[in-house]
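Welcome! Let's get to know this structure together, one question at a time.

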Amino acid sequence: MSGHVFVVGGDLTRLACDDVLVPTDRTLRVAPGWCPLLPADLVREQHEDGACVELEWSGTGRVLAVPGDGDRRIWLVDTVDDADRQGEDGLGWLLDGARQALAAVAEREVSTPAHGRARRLVGLPALGTGWGGAAGERGALLQRLLPVLREAAGEHGFDVALVLRGPSDLAAAQRVRRGEDGGWDLPPHLFEVAEELGEKARRGQLAVFIGAGVSAAAGLPTWEQLLGELAERSGLDDELREGLSRLPPQDSAALLARELGRERLEAFVKERFGPGSYALAHALIADLPVQEFVTTNYDPLVELAATDIGREVRVLPFEDAAPGAPWLLKLHGDAAHPDSVVLTREEYLQFGDTRAALAGVLHSLLLTRHVLFVGTSMLDDDLIRIAHQVRSALRMQGSASGRRNGTVLSLREDAARARLWERDVETVAMGSSDTSPAEAARRLEVLLDLIGCLSTPPTGYLLDPAYRGLLSEEERALSAALARVAGSLPEDAGSWAAAEVAALLRRLGHGGSTAPGEGPPADGGTRGRDDRVQEQRPG
């Protein structure tokens, strides 16, 4: 069974993986950013430019497993070639190291992937783009690395995530994938869905609703699991705990909140849903060229994933929206503000009164955008109420056109639920009713990966010199002309016009790579500010 190669923006120290490849050299020096992945007792001689790991190579081997007790295994890979290879293929040497590392990873048995995922997930950066000397050849590296990763995924059956930090790196990698067979193991109808949603994202017509299923992939509880965890802490006797299962969820939550006390409940929510590792789906969603996100989740994982690729997402209603900046609306509260959490029946009933303005934001999106629903069962009372209000408003105005306001990506076919919602949204199932939830969730990740590939703006690396080799002759001429414009902008320019031009140039990759004379970037590419702004059009 072949694995899949995902390309995603993010931070490998925070992405939930089973295995992570970390670049090093023969002295076992690692960049500072990798230190959080390593056992503290193995890290020595920490400096501003890195630290050394207290291990030893075995002969001329280039791959070294880092001892550890956790489920995630770290592998050190020698990516710095000290030999003088005049006229030889330095990139070929790097790719051989990647093959050896992935073969070593395959020899370790993993019976249960992290958080119940269907396939083991191996994460790696763009090896060799730091001290390995390939920083100026990123385009050529990606063109040759991606086939190597697909070959390993096909041979060993695990999934691979190529994790990049900079917008220009991500844009270039997606261009490479669009120009070749990306190995998308999806049926034809899901290809069509990806093309339609990718086009809407490119045109600024797509908004995303994120449900609890997305965060479950990071090990966070679903609604039912949360009630179970609260029940364990409540001290209720067995008979009452058994009776909770017969109550509607909001009423179970109300009883548990009364038994625990509001203060203990809020403390639990703040701890349980606080910052942590995010799932692959969080990163894939945060990468989409979308400006408007809505969630009923309490956790900050989408925001963390977005921050790791330079996207400054504003969290509503706790922060002010900023012009041109993406935002995330938290309909049911935020763990960082536990007093805002909506959990009990009473709080749901109060939602229409005290939080009508928040519901109005989703009303607006359903009227003016195409909303992509991910990780939700569409059974939430507030969501049902909001959809009904939008439908009623359209009918009252005589403008009900039959246009569906969104797409629900469900895990498995459910004909009754799809029929219930068919007037409002199209339901697209990842598998039949007998498909395992884990396999269906993995297919959803592959679909999100394809949507991201098709929707990523194709010009985000135009002015990044590390990707000059990817440009056509026409694009090179355009790049040279824009580079002259960039050179004419004074560093201390304060006019609005200069700021607009500077933002445009950043979106085209200017400043995406380390300038000559500066230190090498960390492997995986530079982390840059993401200035993506889409043309907003009615859905």
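Q: In what order do the six strands of the open sheet come?
A: This is a predicted model. In it, six strands build an open sheet whose pairing is mixed. Going across, the order is β1-β9-β8-β2-β7-β6.

Q: Which strands stand at the edges of the sheet?
A: A strand at the edge has a single partner, so one side of it is left without a neighbour in the sheet. That is the case for two strands here: β1 (5-9) and β6 (63-66).

Q: Which residue of β7 is the bridge partner of Leu64?
A: Let's follow β6, which pairs with β7 (residues 73-78) in the antiparallel sense over four bridges. Within this pairing, the bridge partner of Leu64 in β7 is Leu76.

Q: What angle does the direction of α10 make with that of β1?
A: Helix α10 (residues 280-287) packs on the sheet. There it touches β1 and β8 (121-124). Its direction and that of β1 make an angle of about 60°.

Q: Which helix gives the largest share of the largest nonpolar core?
A: In general, nonpolar side chains of soluble globular proteins tend to be buried together. Here the largest nonpolar core has 89 residues, and Leu76, Val208, Val374 and Leu409 have the most contacts inside it. Its largest share is eight residues, and they come from helix α16 (residues 437-455).

Q: How many residues apart in the chain are Phe209 and Phe373?
A: These two form a tilted aromatic pair, 5.3 Å centre to centre with 40° between the planes. Phe209 sits in strand β10 (residues 206-210) and Phe373 in strand β14 (residues 370-374), so the pair links distant parts of the chain. Along the chain they are 164 residues apart.

Q: Is Phe209 buried or exposed?
A: Buried means under 20% relative accessible area. Phe209 has 1% relative accessibility, so it counts as buried.

Q: Is the pair of Phe273 and Tyr298 stacked or edge-to-face?
A: The ring centres of Phe273 and Tyr298 lie 5.3 Å apart. Planes over 60 degrees apart count as edge-to-face. The planes of this pair are at 85°, so the pair is edge-to-face.

Q: Where in the chain is confidence highest?
A: The mean pLDDT of the chain is 86, and 92% of its residues reach 70 or more. Over residues 514-527, though, the pLDDT is below 50. Confidence is lowest in helix α12 (residues 345-354), at a mean of 77, and highest, at 97, in β8.

Note on methods: Residues numbered from 1 in each chain as written. Predicted model: local features only at pLDDT ≥ 70, side-chain atom pairs only at ≥ 80, totals over all residues. Heavy atoms only, no water. Core = buried A, V, L, I, M, F, W, Y, C linked by side-chain atoms within 4.5 Å. Buried < 20%, exposed > 50% of the residue type's maximum accessible area, 1.4 Å probe, protein only. Pairing = 2+ DSSP bridges. Contact = heavy atoms within 4.5 Å. Axes fitted to C-alpha atoms, helices over the stretch in contact; angles between N-to-C directions. pLDDT = per-residue confidence, 0-100. Phe/Tyr/Trp six-rings, centres within 6.5 Å; stacked < 30°, edge-to-face > 60°.
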